[in-house]
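The following exercises guide a reader through one protein chain, from its overall make-up to single residues. Please attempt each task before reading its solution.

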Amino acid sequence: MSFEQIVFYFFSAVVVLSAGAVITVRNPIHAALFLVLAFFSSAALWLLLEAEFLAIALVLVYVGAVMVLFLFVVMMLDINTAVLREGFARFLPVGALVALGTIVVMTMAVGGDYFGLDKVAAPARMAADVSNTRMLGEQLYTVYVYPFEIASVILLVAIVAAIALTLRRRPGTRYQKVEEQVAVRREDRVRMVQMEAEERK
């Protein structure tokens with residue numbers, strides 16, 4: 001067994017164990033930290049596949065932004081974990097059934113009949129001066145430019161729809177009216193008052 005295979009199996013085991021810990025630990029903060037560990041291990045697997053851009057994007061986007069937001073929300077809400085654990089045993093059979101079905105479907109999809117090690121040739125090594133970031137950009141903005149733009153528009157519509165659904169007008173709240181501020185005149189706001197000077201005694 002080569003050193004690369006040892007590193008692969010190590011990080012693969014870390015990903016599986018940390019992913020299992022995410023759904024089994026009782027503390028939500030610990031679950032988020034285990035998810036961070038799973039993301040780091042997945043990034044290491046991406047590095048083994050010579051996909052440095054995807055590995056860095058996984059660390060920066062998910063670990064650096066999404067998981068920090070998750071931890072902030074979980075710690076700010078101060079969730080009562082005792083209430084969440086009450087229904088764990090009741091829904092355990094349903095969860096186990098769904099997990100078993102997922103394992104069966106994944107085995108049928110990526111099992112040894114389709115993706116066995118004896119049927120897949122080892123990927124060719126890239127040269128040291130080849131930039132996979134440039135290759136990804138060329139594919140994304142030439143071959144897949146229309147699906148990329150369509151996905152961008154769909155995400156923009158989803159953001160606008162989420163803002164529109166959560167926007168609430170509260171009575172008694174004062175809002176800024178820019179059109180009235182721009183149309184204001186000096187005569188409407190300023191009044192000149194003539195006062196006689198008084199002598200101090």
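## Exercise 1: The chain as a whole

The chain holds 10 helices and zero strands. The model is a predicted one.

**Task.** Describe the order of the elements, the share of buried residues and the make-up of the accessible surface of the chain.

**Solution.**
Step 1. Read from the N terminus, the order of elements is α-α-α-α-α-α-α-α-α-α.
Step 2. The chain has 201 residues, and 13% of them count as buried.
Step 3. The accessible surface amounts to about 17,700 Å², and carbon and sulfur atoms contribute 68% of that area.
Step 4. Contacts between residues at least 6 apart in sequence are considered last: 54% of them join residues at least 24 apart.

## Exercise 2: Helix α1 and a buried serine

**Task.** Determine how the reach of helix α1 compares with the expected value, and establish whether S41 is buried or exposed.

**Solution.**
Step 1. Helix α1 covers residues 3–24, which is 22 residues. From its first C-alpha to its last it reaches 32 Å, close to the 32 Å expected at 1.5 Å a residue.
Step 2. The buried residues of α1 are V7, S12, V14, V15, S18 and A21.
Step 3. Part of the cover over these buried residues comes from α2.
Step 4. S41 belongs to helix α2. Its relative accessible area is 2%, and S41 is therefore buried, since the limit is under 20%.
Step 5. With neighbours within four places in sequence set aside, S41 is in contact with F11, V14 and V15. Of these partners, V14 and V15 are also among the buried residues of α1.

## Exercise 3: Helix α3, its kink and its buried residues

**Task.** Where is the kink of α3 centred, and which residues of α3 are buried?

**Solution.**
Step 1. Helix α3 has 26 residues and reaches 36 Å from its first C-alpha to its last, close to the 38 Å expected at 1.5 Å a residue.
Step 2. A kink of about 30° occurs in α3, with M67 at its centre.
Step 3. A55, L58, V63, M67, L71 and V74 are the buried residues to be noted in α3. The elements that cover them include α2, residues 28–48.
Step 4. M67 has a relative accessible area of 1% and is therefore buried. Apart from neighbours within four places in sequence, M67 is in contact with A32, L35, V36, F39 and Y62.
Step 5. One of these partners, A32, lies 35 residues away from M67 along the chain, yet their C-alpha atoms are separated by 6.9 Å.
Step 6. V74 has a relative accessible area of 18%; because the limit for a buried residue is under 20%, V74 is also classed as buried. The C-alpha atoms of V74 and I29 are 7.0 Å apart, while 45 residues separate the two along the chain.

## Exercise 4: The loop before α3 and a surface patch

**Task.** What is notable about phi of E50, and which residues make the nonpolar surface patch?

**Solution.**
Step 1. E50 is located in the loop between α2 and α3.
Step 2. Phi of E50 is near 60°, which is a positive value in a residue other than glycine.
Step 3. With 25% relative accessibility, E50 counts as partly exposed.
Step 4. The nonpolar surface patch, of about 600 Å², is made by L69, F70, F72, V73, M76 and L77.
Step 5. Within this patch, F72 may serve as an example: F72 lies in helix α3, residues 52–77. Its relative accessibility is 52%, so F72 counts as exposed, for which the limit is over 50%.

## Exercise 5: The salt bridge

**Task.** How many salt bridges are counted, and where do the partners stand in their helix?

**Solution.**
Step 1. The count is one salt bridge.
Step 2. The salt bridge joins the side chains of E138 and R134, with 3.2 Å from N to O.
Step 3. E138 and R134 are four residues apart in helix α7, residues 132–143, which means that about one helical turn separates them.
Step 4. E138 has a relative accessible area of 42% and is partly exposed, whereas R134, at 60% relative accessibility, counts as exposed.

Terms used: Residues numbered from 1 in each chain as written. Predicted model: local features only at pLDDT ≥ 70, side-chain atom pairs only at ≥ 80, totals over all residues. Heavy atoms only, no water. Patch = residues over 30% accessible without salt bridge, like charges linked within 9 Å, V, L, I, M, F, W, Y side chains within 5 Å. Areas by Shrake-Rupley, 256 points an atom, 1.4 Å probe, with all protein chains shown as cover. Salt bridge = Lys/Arg side-chain N within 4 Å of Asp/Glu carboxyl O. Helix = DSSP H or I, 4+ residues; strand = E, 2+ residues; numbered from the N terminus. Buried < 20%, exposed > 50% of the residue type's maximum accessible area, 1.4 Å probe, protein only. Contact = heavy atoms within 4.5 Å. Expected span 1.5 Å × (residues − 1). Bend = angle between axes of the 7 residues up to and from the residue.
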